[in-house]
Amino acid sequence: MNVSEELIRAIVEKILKEAEPAPAEDFVKEKDPSGIIKVVTDTVKTERFEVDGVSLKDVLTLEEAPRMGCGLMELKDGAALEWTLTYDEYDCVLEGTLEIEIDGRIVSAAPHEVIYIPKGSHIHFQTPDYAKYYYFVYPANWAEL
């Protein structure tokens, strides 16, 4: 059997990658061997996104939840983000007011309200002052679509 240097290199790289420790979470996440995962939501801190006043943090990886994605987003100081969805999304408002502008109309949600946005929608996520909400997307690998 002839084993190429390229094959050996690929095997070693795969083993090393699998042996790397997972990056430490900066929020509390508990994983049960069954696959159930609990995120302590008030420990999640968002990070700046592409637009001033917009920050977010995905709370599950594709390895943990390959079919559905979840994260926390904040809009501050009247921030707005234009987006075209390549996935279905639910937004559950925790604080403030979330506005989804589509075709010149605004759908608004307050705390304890949920907005569903279908795949293919071209929208603006916005707020008159502040919004903090969890987003749930399907499929989870929306960035690859």
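Leaving out residues up to four places away in sequence, glutamate 89 contacts Ile115, Tyr116, Ile117, Phe125, Tyr135, Phe136 and Val137. The model is predicted. Glutamate 89 sits in strand S7, residues 88–96. This glutamate is buried, yet has no salt bridge. Lysine 119 carries the nearest side chain of opposite charge, and that is 13 Å away from glutamate 89.

Tyrosine 116, one of the contacts of glutamate 89, belongs to strand S10. Its relative accessibility is 41%, so tyrosine 116 counts as partly exposed. Tyr116 also joins a nonpolar surface patch, together with Met68, Tyr90, Val114, Phe136 and Tyr138. The patch has about 630 Å² of accessible area in total. Strand S10 (114–117) and strand S12 (130–138) are the elements that give two or more residues to this nonpolar patch. Phe136, too, appears both in the patch and among the contacts of glutamate 89.

Next comes threonine 84. This residue lies in strand S6, residues 80–84. Which residues does threonine 84 touch, not counting those up to four places away in sequence? They are Gly120, Ser121 and His122. Threonine 84 and serine 121 are 37 residues apart in sequence, but their C-alpha atoms are 5.6 Å apart in space. With histidine 122, threonine 84 makes a side-chain to side-chain polar contact at 2.5 Å.

The two partly exposed residues described here compare as follows.

| Residue | Strand | Relative accessibility |
|---|---|---|
| Threonine 84 | S6 | 42%, partly exposed |
| Tyrosine 116 | S10 | 41%, partly exposed |

Partly exposed covers values from 20% to 50%, so threonine 84, at 42%, counts as partly exposed.

Methods:
Residues are numbered from 1 along each chain as its sequence is written. This is a predicted model: local features need pLDDT of at least 70, side-chain atom pairs count only at pLDDT 80 or more; totals for chains, interfaces and linings use all residues. Side-chain values use heavy atoms; hydrogens and water are left out. Helices (H or I, at least four residues) and strands (E, at least two) are DSSP runs, numbered from the N terminus. Buried means under 20% relative accessible area, exposed over 50%, partly exposed in between (1.4 Å probe, protein chains only). Contact means heavy atoms within 4.5 Å. A polar contact is a pair of N or O atoms within 3.5 Å; within protein, one must be able to donate a hydrogen and the other to accept it, and residues adjacent in sequence count only if both atoms are side-chain atoms. Patches are made of residues with over 30% relative accessible area and no salt bridge: like charges are joined within 9 Å, nonpolar side chains (Val, Leu, Ile, Met, Phe, Trp, Tyr) within 5 Å. Accessible areas come from the Shrake-Rupley method with a 1.4 Å probe; for residues, only the protein chains shown count as cover. A salt bridge is a side-chain nitrogen of Lys or Arg within 4 Å of a carboxyl oxygen of Asp or Glu. Lys and Arg count as positive and Asp and Glu as negative; His and the chain ends are not counted.
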